[in-house]
Amino acid sequence: MKKINWIVGALAFIMGTTSCNQAPAQFERTPETEALLANLKQIPSTGIMYGHHDDPLYGIGWEGDPGRSDVKSVCGDYPAVMSFDVGHIELGKKQSLDNIDFDIIRNEIIAQYERGGLNTISWHLDNPLTGGDSWDNNDSTVVASVLPGGVNHVMFMQWVDNLSDYLNSLQTADGTKVPVIFRPWHEHTGSWFWWGQDLCSDQEYKDLWLMTYDRLKQNGVNNLLFAYSPGIEPTTAEEYLMRYPGNDVVDILGFDAYEYSREQYLESMSRSLRILDEVGKANDKIIAVTETGFEAIPDSTWWTETLYPLIESYPLAFVVTWRNAREIDNHYYAPYPGQVSADNFVEYYNNPRNLFLTDISGKLYN
Ligand code: BMA
């Protein structure tokens with residue numbers, strides 16, 4: 001044991017002294033994850049993948065029906081990207097914050113991988129200081145409390161360990177780990193989450209990201225690409241990058257933007273896309289609209305007359321719309337059969353530049 005430690009130490013010393021300006025060690029990714037990273041860079045030359053949060057879990061008027069998806073019911077194909085949330089995995093709970101069994105989420109993540117699609121995961125975790133939820137933003141010492149030396153540091157590391165176990169458990173029957181895009185600490189340029197703009201300093205935010213990244217790495221989680229996704233608050237590339245934790249710990253750049261009025265959406269999307277494109281090119285990163293949508297899609301031509309014209313000229317890998325809640329009235333962001341924008345969604349689907357599962361299956365992991 002001692003001897004091995006000594007050899008490892010000596011090797012680390014030699015490597016440290018032979019290469020200068022070495023970046024922090026990166027994840028040793030699985031081959032499938034490495035292939036995904038390379039393939040995602042090629043996606044924009046063919047089009048933009050469409051994604052939907054919680055797509056196969058539930059929809060309008062149903063929950064847990066095998067193979068069902070509101071998107072598929074409307075256009076005949078699954079989304080290329082499925083987004084999931086692992087809020088409450090940190091607590092060791094059986095169910096997520098949206099009351100879905102983590103075992104079911106795991107099965108759907110594996111199923112989406114096996115049919116050739118992409119998965120992305122967000123984390124609406126609880127507030128570790130107050131015991132409230134992600135949106136409990138009354139205390140601005142929460143981030144500091146989980147950093148080294150903070151009163152919640154030890155507990156928080158356990159939370160990341162619980163998350164790590166789950167991410168490591170995303171495996172097919174033959175033991176292949178499913179690559180996922182992990183999107184932690186999102187919308188941090190707003191102040192509605194406990195890790196938001198007014199709730200911590202720039203340095204505390206970066207430290208939070210790096211600490212999470214390092215712990216996942218130590219725990220052997222090697223099936224992740226990392227996505228950085230502020231909200232629409234940044235007005236310049238500098239502001240977008242104000243809390244950026246670094247090119248070696250981020251693979252995908254994005255932002256989250258919602259429509260509340262058409263004018264506001266056109267303005268914020270145009271600005272955020274311009275900034276994203278600029279920062280993406282400067283840092284050689286994949287870019288994506290990590291969350292978007294118009295709640296209850298009351299606009300019958302939203303897909304082809306609002307969303308598509310905004311995104312079409314940008315080299316985006318994907319655009320994800322939020323969930324079709326089965327438990328909250330009018331909280332949905334993809335159409336279902338009969339919904340007012342359903343026909344228009346089929347038109348969006350028929351545009352060969354909008355990529356769904358059958359367009360990308362077989363092209364992401366090898
Ligand atoms: C929000 C809403 C909530 C949900 C949360 C996490 O935007 O959809 O109802 O709990 O996302 O999925």
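These are my notebook entries on strands, helix packing, the nonpolar core and a few loop residues in a predicted model.

**Entry 1: strand S10 and its neighbours**

I began with S10, which spans residues 316–321, and I found it mostly covered, with six of its six residues buried. I then looked up what pairs with this strand. Strand S1, residues 48–53, runs parallel to S10 and is joined to it by four bridges, and within that pairing I noted Tyr 50, whose bridge partner in S10 is Val 319. Strand S9, residues 286–293, is likewise parallel to S10 and connected to it through four bridges; here I noted Thr 292, which has Thr 321 of S10 as its bridge partner. Following the chain from S9, I recorded that S9, helix H10 (residues 302–311) and S10 form a β-α-β unit that is right-handed.

**Entry 2: what packs on helix H10**

Since H10 belongs to that unit, I looked up its helix partners next. Two packed helices are described by the angle between their axes and the distance between the axes, and I took down both values for each pair.

For H10 and helix H11, residues 342–350, the angle is about 40° and the axes lie 8 Å apart. H10 is therefore oblique to H11, as angles under 35 degrees would be needed for roughly parallel. The residues of H10 that meet H11 are Trp 302, Trp 303, Thr 304, Leu 307, Tyr 308 and Ile 311, and on the H11 side I listed Asn 344, Phe 345, Glu 347 and Tyr 348.

For helix H9, residues 262–283, packed with H10, I noted an angle of about 25° and axes 9 Å apart, so I entered H9 and H10 as roughly parallel to each other. H9 brings Arg 262, Tyr 265, Leu 266, Met 269, Ser 270 and Leu 273 to this contact, where they meet Trp 302, Glu 305, Thr 306, Leu 307, Leu 310 and Ile 311 of H10. Ile 311 of H10 thus appears in the contact with H11 and also in the contact with H9.

**Entry 3: the largest nonpolar core**

Which residues have the most contacts inside the largest nonpolar core? I found that they are Phe 156 and Ile 311, in a core of 107 residues. Helix H6, residues 153–168, gives the most to this core, contributing seven residues. I then listed the surroundings of Phe 156: leaving out residues up to four places away in sequence, Phe 156 touches Trp 123, Leu 125, Val 146, Trp 185, Trp 194, Leu 208, Met 211 and Thr 212.

**Entry 4: strand S6**

In S6, I checked which way the side chains point: Val 180 and Phe 182 go one way, Ile 181 and Arg 183 go the other way, and all are buried. S6 pairs with S5 in the parallel sense over three bridges, and in that pairing Ser 122 stands opposite Arg 183. S6 is also joined to strand S7, residues 224–228, by three bridges, and these two strands run parallel; Phe 182 has Phe 226 of S7 as its bridge partner. I recorded a right-handed β-α-β unit for S6, H7 and S7.

**Entry 5: residues in loops**

I looked up His 124 in the loop between strand S5 (118–122) and helix H5 (142–146). Is His 124 buried or exposed? Its relative accessible area is 7%, and residues under 20% count as buried, so I entered His 124 as buried. Beyond its neighbours within four places in sequence, His 124 is in contact with Asp 85, Gly 87, His 88, Leu 97, Ser 134, Trp 135, His 186, Phe 193 and Trp 322.

Asp 98 sits in the loop between strand S4 (81–85) and helix H4 (102–114), and I noted that Asp 98 is buried, at a relative accessible area of 15%. Apart from residues up to four places away in sequence, Asp 98 touches Asp 54, Arg 323 and Arg 326.

Finally, I noted two backbone values. Glu 187, in the loop between S6 (180–183) and helix H7 (202–218), has a positive phi of about 50° although it is not a glycine, and Glu 187 is buried, with a relative accessible area of 10%. Asn 330, placed in the loop between S10 and H11, has a positive phi of about 60° and is not a glycine either.

Terms used. Residues numbered from 1 in each chain as written. Predicted model: local features only at pLDDT ≥ 70, side-chain atom pairs only at ≥ 80, totals over all residues. Heavy atoms only, no water. Buried < 20%, exposed > 50% of the residue type's maximum accessible area, 1.4 Å probe, protein only. Pairing = 2+ DSSP bridges. Right-handed = clockwise from strand over helix to strand, strands pointing away. Core = buried A, V, L, I, M, F, W, Y, C linked by side-chain atoms within 4.5 Å. Contact = heavy atoms within 4.5 Å. Axes fitted to C-alpha atoms, helices over the stretch in contact; angles between N-to-C directions. Parallel < 35°, antiparallel > 145°, perpendicular 65-115°, else oblique.
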